[in-house]
Amino acid sequence: MIDIPAIYQGQMSSLKDIRVSPLSRAYTFSDSVYEVIPYFAGHPLCFSRHIERLASSLQLSHISVDMDVITSELKQLGDELGNQDGYIYFQVSRGVDEIRAHLYADDLEAERFGYAFQTSVSVEPISGMLCEDNRWAHCNIKSTSLLGNVLSMNQARQQGCNEVIMHRAGNMTEAGASNVFYLNHQGIVRTSALTENILPGITRAILLEALTKSNIEVEEGECDIQDFNDAPAIWLTSSTKGMLPLTSLIGTTYFFEKNNLDYLRIKNIFNDAVELHLLAAK
Ligand code: PDD
């Protein structure tokens, strides 16, 4: 394990020194939720929105924990990044069982774990593979139960791709670890509505809010995967990828028009919006 700052049950140490019980429900049941908060030059992007989404994931999972404690631990981890780019990973499990049991004890103490990792947002476009979304039905919860995502993304890797775009009955949901937007052939920006059983991405919200203030037409709703065939640009949004275009999408005839003026404009609008959010965080 690498030597980076990490926290477990309030104790700050190095990731390599943290020991967890095999009876952590995160380990036996994936009974845990998580957040990934990006930092730029030491400043978090939309910190309070990540806290709110974590609170929502916890509430939907019936895990009770003091959000003030979590906020303070996240801030301690953020301080460890100094003025560097990176992200905070933070996970809360329902707790550690005495013996494995589906039915949990009501008095379990939630288990908090997180680390701070220095890295920069990747800017190289990536390729994707279209596949069926065979995940569970509560993808609005940022759960660590990601087996569906993991299996699909690793199947895509065998095809030389780094991501998947998933669909249910021909309607796009999201990517394995990102939300998805595309420009359709009429120049309208489209993305799945939150009702399509996707994660309410913070990066997605940043882009949508910024586009609302422009004159670019945006539609949130059902996204027919046939649209990809003649889309000039498809891109992913996530805390670790920012806004990243797909070069190709196996299963479609899509190819990325990298000089598409609408796309370039949208990218600028996104970059400006991120700058403004970061300024507000200073
Ligand atoms: N993933 N959809 C899924 C399934 C995701 O896992 C993510 C982020 C997103 C984008 O959400 P946001 O813009 O708030 O990061 C959408 C994180 C980065 C991860 O699991 O590492």
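Student: Which residues of α5 are buried?
Tutor: In this predicted model, the buried residues of α5 are Ile202, Thr203, Arg204, Ile206, Leu207 and Ala210.

Student: What covers them?
Tutor: The cover over the buried residues of α5 includes two helices, α2 (47-60) and α6. It also includes the strands β10 (179-183), β11 (189-192), β13 and β14 (242-250).

Student: Which residues are closest to the ligand?
Tutor: The closest are Leu199, Gly201, Ile202, Thr203 and Ser239, out of 14 residues that surround the ligand. Two elements, α5 (202-212) and β13 (233-238), give two or more residues to that shell.

Student: Which element gives the largest share of the shell?
Tutor: That is α5, with three residues. Ile202 and Thr203, which are among the residues closest to the ligand, are also among the buried residues of α5.

Student: How do the shell residues divide into nonpolar, polar and charged?
Tutor: Eight of the residues around the ligand are polar, four are nonpolar and two are charged.

Student: Changing topic: in the largest nonpolar core, which residues touch the most other members?
Tutor: They are Ile88, Val164, Val180, Tyr182, Ile234 and Trp235, in a core of 59 residues. Helix α6 (residues 261-281) contributes the largest share of this core, five residues.

Student: Which domains does the core draw on?
Tutor: At least three of its residues come from each of domain 1 (5-118) and domain 2 (126-281). As a general point, nonpolar side chains tend to be buried together in soluble globular proteins.

Student: Take Val164. What is it in contact with, leaving aside neighbours within four places in sequence?
Tutor: Val164 is in contact with Gly128, Met129, Cys131, Ser152, Met153, Ala156, Ala175 and Gly176.

Student: Back to the domains. How many Å apart are the C-alpha centres of domain 1 and domain 2?
Tutor: The two centres lie 26 Å apart. Domain 1 puts 23 residues into the contact, and domain 2 puts in 14 residues.

Student: Which elements supply at least two residues of the side of domain 1 that touches domain 2?
Tutor: On that side of domain 1, β3 (32-40), β4 (43-44), α2 and β5 (86-93) each do so. Of these, β3 gives the most, with eight residues.

Student: And how many residues on that side are nonpolar, polar or charged?
Tutor: The side of domain 1 that touches domain 2 has 13 nonpolar, seven polar and three charged residues. One of the elements on that side, α2, is also part of the cover over the buried residues of α5.

Terms used: Residues numbered from 1 in each chain as written. Predicted model: local features only at pLDDT ≥ 70, side-chain atom pairs only at ≥ 80, totals over all residues. Near = placed C-beta within 6 Å. Helix = DSSP H or I, 4+ residues; strand = E, 2+ residues; numbered from the N terminus. Nonpolar A, V, L, I, M, F, W, Y, C, P; charged D, E, K, R; others polar. Core = buried A, V, L, I, M, F, W, Y, C linked by C-beta atoms within 7 Å. Buried ≥ 20, exposed ≤ 12 C-beta atoms within 10 Å, placed from the backbone. Domains from an automatic or database assignment. Contact = placed C-beta atoms within 7 Å.
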